[in-house]
Amino acid sequence: MSALLLIVVSAVIGVVVLLTRRWAVVVRALAPAGSGFLALLAGGAMLRTQAPETISWLPSIDLGGLFLPLDLGTSRPLAAISFVVALVSAAVQIYSTWYLRDDERYPVFAATVALFTAAMFLVVHSRDLALTLVGWEVMGWCSYLLIGHWSRKESARRAAHKAFLVTRLADVGFVLGVVGLATSVGSTGYAVVLRLWAEPTVCDAYGCVGPNPVLRNTFLVLIIVGVLGKSAQVPFQDWLPDAMEGPTPASALIHAATMVAAGTVVLAGLYPALAQAEVARWVLGIATSVTMVLAALLAMGQSDLKRLLAWSTVSQVAIMLSALAAAPVILEQQPGEPPAVGVPPGPALAIVPGAALFHLWSHALFKSLLFLAIGLLGVIAGGTTAALLRGAGMRTRLGRSAFLIGLLSLAGVPLVVGGFSKESVIDTAYQGASQGGPGLLVLLALLVTVVLTASYSTRAYLVIAELIDVTAPVEAVGEMSESRRQRRSESLDPDGRGAANAVLVTLAVLTLIGGLALALDLFDLHGLSWVWTLITVLLIGVGAGLAFALGRAGDPGVRFAGRRVALFDGGFGADTAYRALAKPVVHLARIVAFVDTEVIDGYVRGAAVTARLGGAVTERAHRAERLRTGGWLVVLGLVAVLAVGVFAWR
Amino acid sequence: MTALTGLSTLSALTAQSGAVSIDALRLLPALAPALGALLVLLVDALAPRRTLPHLVVGALALLMGAAGAMPGALSPAREPVLTLCLPGGPDGACLWSAGPLDSTLQIGLLAASLAALLLLSDQWRDLPGDRAVDVALILASAAGGAAVVAARELGTWLVALELATLPVIALVVLRGTRRAAHGGLTLMMTSLLSFAVLVVGTGLWVMATGDASLSGTAIRTAWAQPDQRAVLVVAILTLFVGLGFKLSLVPFHAWTPPTFVSGPLPISALLATASKLAAVGALLALIAPFAGLADPHPHALAFVVGALAIGSMLVGTVVAFRATDLVRLLAWSTIAQAGWVVLPLAALTTVGHRASVAYALTYAAAGLVAFAVATAVRTAGGEPGSERGLAAYRGLARSHPHVGGPLILALLTLAGLPPAILGLVAKVVAIRPLLAAGLWPLAVLAVIAVVLGIAVYVRWIAVLLAAPEHRTTAASGNNAGTGVEVQVGPGALAVLSLGTALLVVASVVPQVLYGLLS
């Protein structure tokens, strides 16, 4: 029942905050306290949940052809994800009381965060595609509001629009996929959908038994398109860095626990069907492989460290999703049957979507830490560009340590949470690579990404801790940070941030010990391969060494990108590509609009003219309202009716 | 006096057949308003020139009548409420037989009469007239309506039908204005004509069946004989034409707009809703026995019913499109909606009967809400009638959402547009029997009428939602610029809130209304 409670209470907090927005004191007390309560609740649920269970809370709807059970459900991994969502949400709420202290629209922000969290809870716990869709859409809407929070800024408005349009475009695929999956079985319940679509298709000389593989691939590819959009994967990657225009706590929420991670949760829920869809797995594998390497490259060359974190999110979410694409296919073994051919024996059997969800968990912890830490550093430095942040860490030990712990985890150093989860993903990809499928491609991309991630993480730390040569020329100060820097330095003082500090400490500790999730067996993972851990450590060393080598003469990122910093900042021109793509669509729309107004509307207008004319004529006939007119009508009508009767009789 | 007529009819029946069984409780839907009318006159004699006692007695009588019809409407066995049964008659013929549909109609028309009474009570302060007479006339009309729905004998049927109509003429005329006299005259001429036609039809009917009862057996026997069948066809068509007046079907509709506009609005509401429901019940009593007839199928009847229905829908809608006066709009829309009510009857099936009743009730609820709004809107100064004009309603939903909102809901229901799901479902339910009976052309024409109808109502909705015209100039007073004032009296408030609640609930769970009827 706690799943239901999480959703409802979070939504109620949002509504109440919105209703009481005139009393800032109430909001400042209610939003952090409520979200903190939810985090405790979710934590309790995580420790208590054992076996998967289904919760029926709404009466199911039977639409004749389509049955909507509207069930919720929970399980150990889902409860764990739910906890991390609640935790990040609470951290963001508490942190915002300091960060948005002087913002007149803070109550609206807090309400949106609460609603956003409720939608994410819904997606996590939904056992019904219709409810998933509801949560998915609400998140899209809330992200628009959060990114555009400082709506007086032109750039924030544009970023919000861009995020909305790009994800909306991808959502077309998501909705079509959901409709396809649901209508083919006449129900939106996951259980019913998976019962059909997770069935393996077995072909022999007499034909095939099982669901149509083409349809299965089509529907899942459509859903994957939606996921790629929401998770900012290639080719939809460019909206997320622009979304940095939102307040930093909003970025923490969007990046760490909710929006971009939602796709992973949905695909993990559909994993049994995905495992049977070869083409869909290839699509996902290729997209995520390209994304993780590309985003890591872009992260290295960013002139703004907040955008660096944004690109790292894109890369890390690609790692999560790649675990789903590359995981080995598990055929369920009936007792007494011999194990299926081609499946490696042993505990690796259970590895399936666990690695993806575990990485989601660990990413949520360290990415929220990183964002909230850079929020603090940015306030101290007056902006988040590399040039401004240079040495900012030397002014706050807490900020520096928190940032360092986050970066270690991001780089995947063993024994912090990010290390464990990245190992699991690599292990999963290795298991999958031996089976064919996109496993090998994903594995290679992962290894390259590990090097790049280590290197940009090192760079970020070098910049804020000023371990680089301060005499090196300041290059490429981001011009967009100007307005922000002014406002920040005027309105926010770094003091009086006890709550924010507490949040940072908590998140840092959890990032250090989050690997305990393995010990608690939350994600159904069994141990890690020491060989791969060793290889990873070596690769991280290579990446870090690279950054140190470049950093001897200034910001390694600037050295790396050279004169092409603008190109890196622009995401390799993705925005221009989007515009170019939109142009023919707009032209096509003009043609359609022309046909609509000039040709089709002609008939409509004709009908209107006819009706109007008929009305005028009839009205004229009745204008006098004389008894005689009515009398004549009656006589004629009576005669006509009786004539019908008489003629029918004959 | 009219109430006395009704009672004497009942007692005359008793006298005729000696051993007729009478169950007063089952007659309550008609008996309670009739006795209520007497009681009001009595109360007036004891305490003259009081208003509250009259209103209370009238309301209680109508509520009691409706309560009396409840068991019939909700009976799980779906059996008709029978009384006034002749001991040795054919198939135990009962002169009073109210099936679930009839009982539901009775509840609907008694409730509509109550609503009209409440609306009228708001105007007692401003208008001349005798309150006791007002209440007694409304009750008499309600008694007639409740009786005609359940009457299964042509004599009673005819008298009850006239009892339902004649008091309304008096109510229109009693205001004494010139316009009211014109409207009353039109209505009376119409009633006389229709009465004449109905009497001829009754005569033909008795000639064809040799029986004044409306029993299925007599009709089936007559239908088997070619000669009698021919007369029966002419009889039913003549009676249908006679009822066409009451329902304001084209071409017997000409009285409707002038009467609606000239009489007091609550009486127009009564004419538009309670009288229509009574007429639908009367029509059902006639047409129901034709449902099972085959060999030959009564094509002529289906054709005439369908043709008049479609004609009313199209003509009513097209003229309503030109209306710039809310009451005129409602008048023409009544004509169009009457077409919709009659349309499913063309299928000549029991499903069609249900659809017709469901549509009639939906229309009545929406119509009452719209009329209640019309009574509340006044204009300060300006020409007479300007308070009903398009200009007075501009921006009403913004300036007075408690009045404009219900009006929008009512218009949406009449148009059949979501979020007023009720109206949409009513239209779908009305068209479905036609498709089942294979009457495709009627269904196609009905759909065209739907499209035209949307234009009619959305035009008004757009005006209601528009920004008030003089908002900028009238900085001093909120409504001083428009000169429109909204006064929702207690009666109108009750009708508005209950009607709106009904429409909303029925839109959320339309299956409840249709569950009652199935």
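Over all chains of this predicted model, the salt-bridge count comes to 16. Four of the pairs are set out here.

| Pair | Closest N to O distance |
|---|---|
| A:Lys153 and A:Glu245 | 3.1 Å |
| A:Lys162 and A:Asp238 | 2.6 Å |
| B:Asp102 and B:Arg152 | 2.9 Å |
| A:Glu619 and B:Arg322 | 3.4 Å |

**Salt bridges within chain A**

Take the pair of A:Lys153 and A:Glu245, whose side chains meet at 3.1 Å, N to O. This pair links distant parts of the chain, 92 residues apart. A:Lys153 sits in the loop between α5 (129–147) and α6 (154–185) of chain A. A:Glu245 sits in the loop between α9 (239–242) and α10 (248–256) of chain A. Both A:Lys153 and A:Glu245 are buried.

The next pair is A:Lys162 with A:Asp238, at 2.6 Å, N to O. A:Lys162 belongs to helix α6 of chain A, while A:Asp238 is in the loop between α8 (213–230) and α9 of chain A, so their salt bridge ties together parts that are 76 residues apart in sequence. A:Lys162 and A:Asp238 are both buried.

Which residues join A:Lys162 and A:Asp238 in a network of salt bridges? The other members are A:Arg158, A:Asp242, A:Arg307, A:Asp575 and A:Arg579.

A:Asp242 deserves a separate look. This residue is found in helix α9 of chain A. Is A:Asp242 buried or exposed? A:Asp242 has a relative accessible area of 15%, so it counts as buried, the cut-off being under 20%. Leaving aside residues up to four places away in sequence, A:Asp242 touches A:Arg158, A:Ala159, A:Lys162, A:Arg307 and A:Asp575. A:Ala156 is 86 residues from A:Asp242 in sequence, yet their C-alpha atoms are 8.3 Å apart in space.

**A salt bridge within chain B**

In chain B, B:Asp102 forms a salt bridge with B:Arg152, and the closest N and O atoms are 2.9 Å apart. B:Asp102 lies in helix α4 (residues 100–123) of chain B and B:Arg152 in the loop between α5 (131–150) and α6 (154–173) of chain B, so this pair ties together parts 50 residues apart in sequence. B:Asp102 is buried, with a relative accessible area of 8%. B:Arg152 is buried too, with a value of 15%.

**The interface of chain B and chain A**

How many salt bridges cross the interface of chain B and chain A? The rule finds 1. A:Glu619 and B:Arg322 meet in a salt bridge at 3.4 Å, N to O. The contact takes 31 residues from chain B and 22 residues from chain A. Together, the two chains bury about 2200 Å² between them. Of that area, 81% is on carbon and sulfur atoms.

**A helix with a buried side**

Helix α8 (residues 216–224) of chain B buries B:Ala218, B:Ile219, B:Ala222 and B:Trp223. These residues cover an arc of only 130° around the axis, which puts them on the same side of α8(B). On the other side of α8(B), B:Thr221 and B:Ala224 are exposed. What covers the buried residues of α8(B)? The cover includes α7 (178–209) and α9 (226–247) of chain B.

**A strand covered on both faces**

In a regular strand the side chains alternate between the two faces of the sheet. Strand β4 (residues 71–74) of chain A has both faces covered. A:Asp71 and A:Gly73 are buried on one side, and A:Leu72 and A:Thr74 are buried on the other. Strand β1 (residues 53–56) of chain A pairs with β4(A) in the antiparallel sense over 4 bridges. There, A:Ile55 stands opposite A:Leu72 of β4(A).

**Confidence**

Chain A averages a pLDDT of 82, and 90% of the residues score at least 70. For chain B the average is 85, with 89% of the residues at 70 or above. Among the elements of chain B, helix α12 (residues 274–287) has the highest mean pLDDT, 94. Helix α1 (residues 2–17) of chain B has the lowest, 49.

Where does pLDDT stay under 50? In chain A, residues 332–351 fall under that value, and the model has 20 contacts for them beyond four places in sequence. Residues 469–492 of chain A are also under 50, with 38 such contacts. In chain B, pLDDT stays under 50 over residues 471–481, which have 5 such contacts. Where pLDDT is low, the predicted coordinates should not be read in detail.

Terms used
Residues numbered from 1 in each chain as written. Chains lettered and ligands numbered in written order. Predicted model: local features only at pLDDT ≥ 70, side-chain atom pairs only at ≥ 80, totals over all residues. Heavy atoms only, no water. pLDDT = per-residue confidence, 0-100. Contact = heavy atoms within 4.5 Å. Helix = DSSP H or I, 4+ residues; strand = E, 2+ residues; numbered from the N terminus. Buried < 20%, exposed > 50% of the residue type's maximum accessible area, 1.4 Å probe, protein only. Pairing = 2+ DSSP bridges. Arc of directions from axis to C-beta. Buried area = accessible area lost by both parts, 1.4 Å probe. Salt bridge = Lys/Arg side-chain N within 4 Å of Asp/Glu carboxyl O.
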